Amino acid sequence: MKTYQIAVIPGDGIGKEVVAEGVKVLKKIAELDKNFDFNFDYFPWGCEYYLKTKKMMDDDGLEQLRKYDAIYLGAVGFPTVPDHLSLRELLLKIRTGFDQYVNLRPVKLLKGAPCPLKGKEPKDIDFVVIRENSEGEYAGLGEWHNKGQSDEFVYQTGKFTRKGVERIIRYAFELARREGRHKVTSVTKGNALNYSMVFWDQVFHEVAKEYPDIESNQLMVDAASMTMVLRPETLDVVVTSNLFGDILTDLGAAIAGGMGLAAGDNLNPEKKYPSMFESIHGSAPDIAGKGIANPIAQIWAAGGLLRHLGYVNWYNKLIESFETLLTEKKVLTPDLGGKCSTSDVGDELCRILERGF
Ligand code: NAD
Ligand code: IPM
Ligand code: MN
């Protein structure tokens, strides 16, 4: 029996509440499968830890995490700790430190999930966003001049390397081939960002030529936002930069049932370092501590973890269990119009998996 070593970072706010349900479901799946098991080690890092220690994670945090098969992260962020500090010192440090350059975020309307778009069904909203996750607008480069003076100014610099841009675009085309998808859409803003996005567009054009079997096209990010709302069925694989991918995937969550139903994988495809799995929502201070957060996003992230370990069958079964739950509409959290708690949903998903839908 294989035992996988999982590093769990529940983080802050609802992160803790939804991670508990993800772990519950992972344990249930290991029990049902019988061929593998998990050992979960918990790390108390996050904003509470920062308020006590002035550190978001231990100095040797990355070394501590390195030996794990995967990292399972809840959410980070607390109103009294500046976000640019807390997120850069923990979440972004892990993404870049472990070269998790692929942020794979499905935008998939599940059967039974609410959709705010008129006339759109699950078959119309089913694409994958491949977000560049290691550089770009998130490089953290810039300068702050004349602080506090009337002529104060700042530069925030994006860093786009040939290696970084090429590998993410190639990943998108390879994923399209692997998953039998037919089209890759690159989303940029070359008409305004005259270095970074013109460069990206050029690299996209070059790489696309290597994949004549996959259709390719380009959209400006403003037009892509409109397309996601009006014609989401025309999207299949979307590849985009760090910042645009962040923004578009919240929009993606909104068209596919809300923040409680959106997750993603932070992947180091070469498996040189552990990959990390998380819901895309934040710590939601407005509902934290009430036990009403929807845990499906975080459990979906556990599905990504299983798929990464080679259990795509369990990924698919989890999606099916969400669809059963959403279609039955008996056990739902308030964001989906229900009255149930976070742990009720985790328990019900375990029951659905156990009974086999
Ligand atoms: P958020 O995603 O935490 O919340 C946005 C809205 O969605 C809120 O109204 C919230 O109640 C709702 N929501 C989110 N997840 C939900 C769930 N599972 N069930 C039901 N409702 C849900 O975004 P925010 O308010 O902009 O950010 C709050 C904090 O989280 C900030 O500190 C931010 O920097 C941080 N953040 C962290 C991550 C991360 O750790 N990956 C991601 C995004 C934001
Ligand atoms: C996300 C979050 C993070 C990001 C923030 C919290 C730094 O919004 O994972 O989508 O922008 O990547
Ligand atoms: Mn985001």
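**Figure 1. Surroundings of ligand 2.** In this predicted model, an N or O atom in the side chain of R95 lies 2.7 Å from an oxygen atom of ligand 2. The side chain of R131 likewise places an N or O atom 2.8 Å from an oxygen atom of ligand 2, and an N or O atom in the side chain of D246 is also found 2.8 Å from an oxygen atom of this ligand. On its own, ligand 2 has 320 Å² of accessible area, of which the protein covers 76%. The residues around ligand 2 are L87, L91, R95, R105, R131, Y138 and D246, so that the view can be centred on the ligand with these side chains drawn about it.**Figure 2. Polar contacts of ligand 1.** A polar side-chain atom of D286 lies 2.8 Å from an oxygen atom of ligand 1, while a nitrogen atom of the ligand is 3.4 Å from an N or O atom in the side chain of H281. The backbone takes part as well, with an N or O atom of N294 placed 2.9 Å from a nitrogen atom of ligand 1. Of the 800 Å² of accessible area that ligand 1 has on its own, the protein covers 71%.

**Figure 3. The residue shell around ligand 1.** Ligand 1 is surrounded by 22 residues, the closest of which are V76, D83, G282, A284 and D286. By residue class, the shell consists of 12 nonpolar, six polar and four charged residues. D286, one of the closest residues, is also the residue whose side chain offers a polar atom 2.8 Å from a ligand oxygen atom.

**Figure 4. The open sheet and its edges.** The sheet is open and has 10 strands, which follow one another in the order β2-β1-β3-β12-β11-β4-β5-β10-β8-β9 with mixed pairing. Strands β2 (36–42) and β9 (215–220) stand at the edges, and because each has a single partner strand, one side of each is left without a neighbour in the sheet. From one strand to the next, the twist averages 25 degrees.

**Figure 5. The β11–β12 pair and helix α10.** Strand β11, residues 263–267, pairs with strand β12, residues 275–279, in the antiparallel sense over four bridges. Within this pair, D265 stands opposite F277 of β12. Helix α10 (residues 296–308) packs on the sheet, where the helix touches β1 (2–11), β2, β3 (70–75), β4 (102–108), β11 and β12. The direction of helix α10 makes about 155 degrees with that of β12.

**Figure 6. Y49 and its contacts.** Y49 belongs to helix α2, which spans residues 47–53. Leaving aside residues up to four places away in sequence, Y49 touches P44, K54, K55, M56, M57 and D58. Although Y49 and G11 are 38 residues apart in sequence, their C-alpha atoms are 9.1 Å apart in space.

Definitions and conventions. Residues numbered from 1 in each chain as written. Chains lettered and ligands numbered in written order. Predicted model: local features only at pLDDT ≥ 70, side-chain atom pairs only at ≥ 80, totals over all residues. Heavy atoms only, no water. Near = heavy atom within 4 Å. Polar contact = N/O pair within 3.5 Å; in protein donor to acceptor, adjacent residues only side chain to side chain. Areas by Shrake-Rupley, 256 points an atom, 1.4 Å probe, with all protein chains shown as cover. Nonpolar A, V, L, I, M, F, W, Y, C, P; charged D, E, K, R; others polar. Pairing = 2+ DSSP bridges. Helix = DSSP H or I, 4+ residues; strand = E, 2+ residues; numbered from the N terminus. Axes fitted to C-alpha atoms, helices over the stretch in contact; angles between N-to-C directions. Contact = heavy atoms within 4.5 Å.
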